[in-house]
Amino acid sequence: MNSIRPSSRLPGLLLAALALAAAPAFAEGPSAVVGPVHLPPDVAALPVEQAVLASPPHVPPPITRRTPARVVVNLEVKEVTKRIADGTEYTFWTYGGTVPGSFIRIRAGDVVEFHLNNHPSSKLPHNIDLHAVTGAGGGAASTFTAPGHSSQFTFKALNPGLYVYHCATAPVPMHIGNGMYGLILVEPEEGLPPADKEYYVMQGDFYANGAYAGGGLQTFDTPKSIDEHPTYVLFNGAVGSLVGDNALTAEVGQRVRLFFGVGGPNLTSSFHVIGEIFDKVWLEGGNRVAQENVQTTLVPAGGSTIVDFKVEVPGTFILVDHSLSRAFNKGAIGMLKVSGAADRVVYSGKEVDAVYLGSAAEAGSVAAKRQDELEQKIAAEIKANPAIAGLAKEVRIEKGKQVYMQNCFACHLPSGEGMAGVFPPLAKSDFLQADRERAIRIVLKGLSGPVTVNGQTYNGVMPPQGEVLNPEQIADVLTYVTNSWGNSAEPFTVDEVRKVKGE
Ligand SMILES: [Cu+2]
């Protein structure tokens, strides 16, 4: 963990970094190495502790000591390629290998010896600005670290609260936009009130050089970022990172605490949990409860909140940014699954959330898994046997099912049966199966006016999907609906869709 003198060893990278920097004051480059701090005897005498870091959605255990310590934090920067959406990967830059980065938990009054280690496989220098730090750049100037190097600095945690940390290397929006942020909790001296479950969730906006779930490997798109037009708005770095098998869990009667932050780089969050009310909100991540009984709490970019709520009834509770296009079209959805006995006085009806979204996202993630399995099968089949047409169709169907579960099921229902008199059925629909081009046109351009499906007349409005779905997604969803629930047809091709689209 030796300090290095980056200015003498890294001329190439430095020039590159400085050239990129069009130098706003907070985009920190390297600063001179000033040598180890002289700790006064009372600080030098403090017990030394290695910080336990946790990966999202988990947090380290509460701090039980009631006296300060010298805490050593080791955080590793790693550039990794991981799933961002079904069938789609992204090159993330991370603290600790995850988005958001490792959760750091310390206590007010602690003196922290912070080590930032940039993995040798990294392509770029990085640093860290911790909002919990009192000092220029929040540590950024002292931690500018080249690949394969390690920087060290010391700070005293003066203010309790929940703080964002992030990379401040130029171009800063790109480093943050690639996932370089996380949370550091500075517990008040007396600790936080106890909770049964504590979770770590961060929202971020991602600007990809491709469409939402567009497939393949995506990277950061600077013009989209400058225009603040994100491709994804995500909880914990991927579509579905908190749904299905990955959902947060709790039991009836427990007190749940969410440490929620927004990395940005640009958007704020209207953070809401569908079907729950925040009993307590530590507004803006400050150190006291500022409000009780809150439905939606606003969290700024580079800010945080702590929310507590007791779960009284079982069910699936959906975490969203209540700017809902981000939830429904860009990925900002998570789930808290609460198990236990129902309390029919508190809540008696059928589980609306489960139909509304829950089962959809779960069915979606099952479909995603199935898609992956099938794709692996195809790869194996291609090697052994060129007869792969049947499997290819199955993949299209599974992909189409995911599109359906996001865009169609709300009206036509997961069973494809529609709703009598309101939404026509797709299952065994004579109308659907009679004319392929018409089916494509309906999905692309919508439909209104009277139609007769299986002898029943409908006169509603189906919104056009051509703006939301690309031709491949439309071909997939039509392949799915024409090969499900007793329907059967040849797969729809992207060319067929393009032809109708170009009319
Ligand atoms: Cu960085």
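Modeller: Before we start, a word on classes: Ala, Val, Leu, Ile, Met, Phe, Trp, Tyr, Cys and Pro count as nonpolar, Asp, Glu, Lys and Arg as charged, and the others, Gly among them, as polar. Please keep in mind that this is a predicted model.

Biologist: Thanks! How many nonpolar residues are in the lining of the second largest pocket?

Modeller: This pocket has a volume of about 980 Å³. It is lined by 44 residues, and the closest to its centre are N407, C408, C411, H412 and M462. By class, 1 lining residue is charged and 10 are polar, while the nonpolar ones number 33.

Biologist: Which residues coordinate the copper ion?

Modeller: The donors are spaced along the chain as H-x40-C-x7-H-x4-M. Each donor atom sits at 2.0 to 2.5 Å from the copper ion, and the residues are H126 (ND1), C167 (SG), H175 (ND1) and M180 (SD).

Biologist: And how many residues apart are H126 and C167?

Modeller: Both H126 and C167 are buried. H126 lies in the loop between β5 (111–118) and β6 (129–130), and C167 in the loop between β8 (161–166) and α4 (172–177). The pair thus links distant parts of the chain, with a separation of 41 residues.

Biologist: Is the site of the copper ion tetrahedral or irregular?

Modeller: Four donors count as tetrahedral if all angles lie between 85 and 135 degrees. Here the angles among the 4 donor atoms run from 86 to 139°, so the site is irregular.

Biologist: Lastly, how many of the 11 residues of helix α12 are buried?

Modeller: Helix α12 covers residues 471–481. Its buried residues include P471, D476 and V481. The helix is largely enclosed by the rest of the structure because the buried residues number 10.

Terms used. Residues are numbered from 1 along each chain as its sequence is written. This is a predicted model: local features need pLDDT of at least 70, side-chain atom pairs count only at pLDDT 80 or more; totals for chains, interfaces and linings use all residues. Side-chain values use heavy atoms; hydrogens and water are left out. On a 1 Å grid over the protein atoms alone, a cavity is a set of points where a 1.4 Å probe fits but cannot get out, and a pocket is an open set with protein on both sides within 12 Å along at least five of seven lines; lining residues have an atom within 4 Å of a point. Grid points are joined across faces, edges and corners, and a volume is the space filled by probe spheres set on the points. Buried means under 20% relative accessible area, exposed over 50%, partly exposed in between (1.4 Å probe, protein chains only). Helices (H or I, at least four residues) and strands (E, at least two) are DSSP runs, numbered from the N terminus. Donors are N, O and S atoms within 2.8 Å of the metal (3.2 Å for Na, K and Ca); water is not among the atoms, so sites may look incomplete. Four donors count as tetrahedral if all angles lie between 85 and 135 degrees; four count as square planar and six as octahedral if opposite donors are over 155 degrees apart and all others between 65 and 115; anything else is irregular.
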